[in-house]
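Subject: Structure handover

Hi,

Here is the structure I promised to pass on. Please load it first, then read my notes below.

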Amino acid sequence: MRLDKFICDCTGLTRSQAGKLIRQGLVTLNGNKVKQAALQVKDTDVVCLDDEPLQLIGLRYFIMHKPDGYVCSTDDPEHNTVFTLMDEPLIERLHTVGRLDLDTTGLVLITDDGQWSHRISSPKHHVAKTYRVWTADPIPADAVQQFAEGVMLRNEKTATLPAELELVGDNEALLTIHEGRYHQVKRMFAAIGNKVVRLHRERIGGLQLPEDLAEGEYRMLSQQEFDLLKN
């Protein structure tokens, strides 16, 4: 790999920025100052920028507590994206694992590992997702059975997969679904004549949103958390 590209892939700098640093004599290769951007870097080489060793950025896995008013996309002309809450190099490589609506809060996974993302978000893998739901009207007791049997959503040809509904209060419930249709939770409650007024995702698979992760905060997944999703 060219030296300037290696620096770009380690830091997120542009090729021209990396070249400028090299020409300024701020880069060393195996302890020797170098000024040629086209030099080839091998796996065993040690590259330092301003005396700090550089390492290629590998695959990354983040967990975020998404706040209200942010979209799960890389670019939006009208709203802030969740990526404006992050300070990471090469942020353009990252994407969210599935999406939460603008007004939905809670657990969001962010990665640059496309295969891992697909395994979690693909409907055919049926990864469970649990939401805390608040509704405009009281939730009838028979909604538990209706959701367990599957409900027909507007403009859909098949009923939803069986879902688990746990009533928490008159207007509050926990809903676990195993697919990811468009606006599914809101549409499921609309199908039984109710309206979701607030929605918060608490869990994906075996991973619970950490209590110590405040709205708008994010961090790398721990190995234990990563394994919970893998299983």
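I started with the largest pocket, which holds about 530 Å³ of space. Its lining has 24 residues, and the closest to the centre are Arg 99, Leu 100, Asp 101, Arg 181 and His 183. Please keep in mind that this is a predicted model.

Three elements give two or more residues each to that lining: strand S10 (129–135), helix H5 (184–191) and strand S13 (196–204). The largest share is from H5, with 3 residues. By class, the lining of the largest pocket splits into 10 nonpolar, 7 polar and 7 charged residues.

**Around H5**

H5 has buried residues: Gln 184, Val 185, Arg 187, Met 188 and Phe 189. What do the buried residues of H5 pack against? Their partners are S10, helix H4 (143–149), strand S11 (164–169), strand S12 (172–177) and S13. So S10 and S13 turn up twice, in the pocket lining and in the packing of H5.His 183 sits in the loop between S12 and H5. Phi of His 183 is positive, near 50°, and the residue is not a glycine. Is His 183 buried, partly exposed or exposed? His 183 counts as partly exposed because its relative accessibility is 28%, and the partly exposed class runs from 20% to 50%. His 183 is also one of the residues closest to the centre of the largest pocket. Just after H5, Gly 193 takes a positive phi too, of about 85°.

**Asn 30**

Here is another backbone angle to check. Asn 30 is not a glycine, yet its phi is positive, about 55°. Asn 30 lies in the loop between strand S1 (27–29) and strand S2 (32–33). With 41% relative accessibility, Asn 30 counts as partly exposed.

**H1 against H2**

Two packed helices are described by the angle between their axes and the distance between the axes. For helix H1 (residues 3–11) and helix H2 (residues 15–23), the axes come within 9 Å. They cross at roughly 115°. The crossing of H1 past H2 is right-handed. On the H1 side, Leu 3, Asp 4, Lys 5, Ile 7 and Cys 8 make the contact. On the H2 side, Arg 15, Ala 18 and Ile 22 do. By class, the contact has 5 nonpolar and 3 charged residues, and no polar ones.

Ile 22 of H2 deserves a look. Why does Ile 22 count as buried? Its relative accessibility is 0%, and buried means under 20%. Leaving aside neighbours within four places in sequence, Ile 22 touches Leu 3, Asp 4 and Ile 7, which belong to the H1 side of the helix contact. Ile 22 is also in contact with Val 27, Val 34, Lys 35, Gln 36 and Ala 37. As for Cys 10, it is 12 residues from Ile 22 in sequence and 14 Å away in space, C-alpha to C-alpha.

**Leu 209**

Last stop: Leu 209, in the loop between strand S14 (207–208) and strand S15 (218–220). Leu 209 has 10% relative accessibility and counts as buried. Leu 209 and Met 64 are 145 residues apart in sequence. In space, their C-alpha atoms are 8.4 Å apart. Leaving aside neighbours within four places in sequence, the contacts of Leu 209 are Met 64, His 65, Gly 106, Leu 107, His 200, Arg 201 and Glu 202.

Over to you.

Conventions
Residues are numbered from 1 along each chain as its sequence is written. This is a predicted model: local features need pLDDT of at least 70, side-chain atom pairs count only at pLDDT 80 or more; totals for chains, interfaces and linings use all residues. Side-chain values use heavy atoms; hydrogens and water are left out. On a 1 Å grid over the protein atoms alone, a cavity is a set of points where a 1.4 Å probe fits but cannot get out, and a pocket is an open set with protein on both sides within 12 Å along at least five of seven lines; lining residues have an atom within 4 Å of a point. Grid points are joined across faces, edges and corners, and a volume is the space filled by probe spheres set on the points. Helices (H or I, at least four residues) and strands (E, at least two) are DSSP runs, numbered from the N terminus. Ala, Val, Leu, Ile, Met, Phe, Trp, Tyr, Cys and Pro count as nonpolar, Asp, Glu, Lys and Arg as charged, and the others, Gly among them, as polar. Axes are lines fitted to C-alpha atoms, for helices over the stretch in contact, and angles run from 0 to 180 degrees between N-to-C directions. A crossing is left-handed if the near helix is turned anticlockwise from the far one by less than a right angle, and right-handed if clockwise. Contact means heavy atoms within 4.5 Å. Buried means under 20% relative accessible area, exposed over 50%, partly exposed in between (1.4 Å probe, protein chains only).
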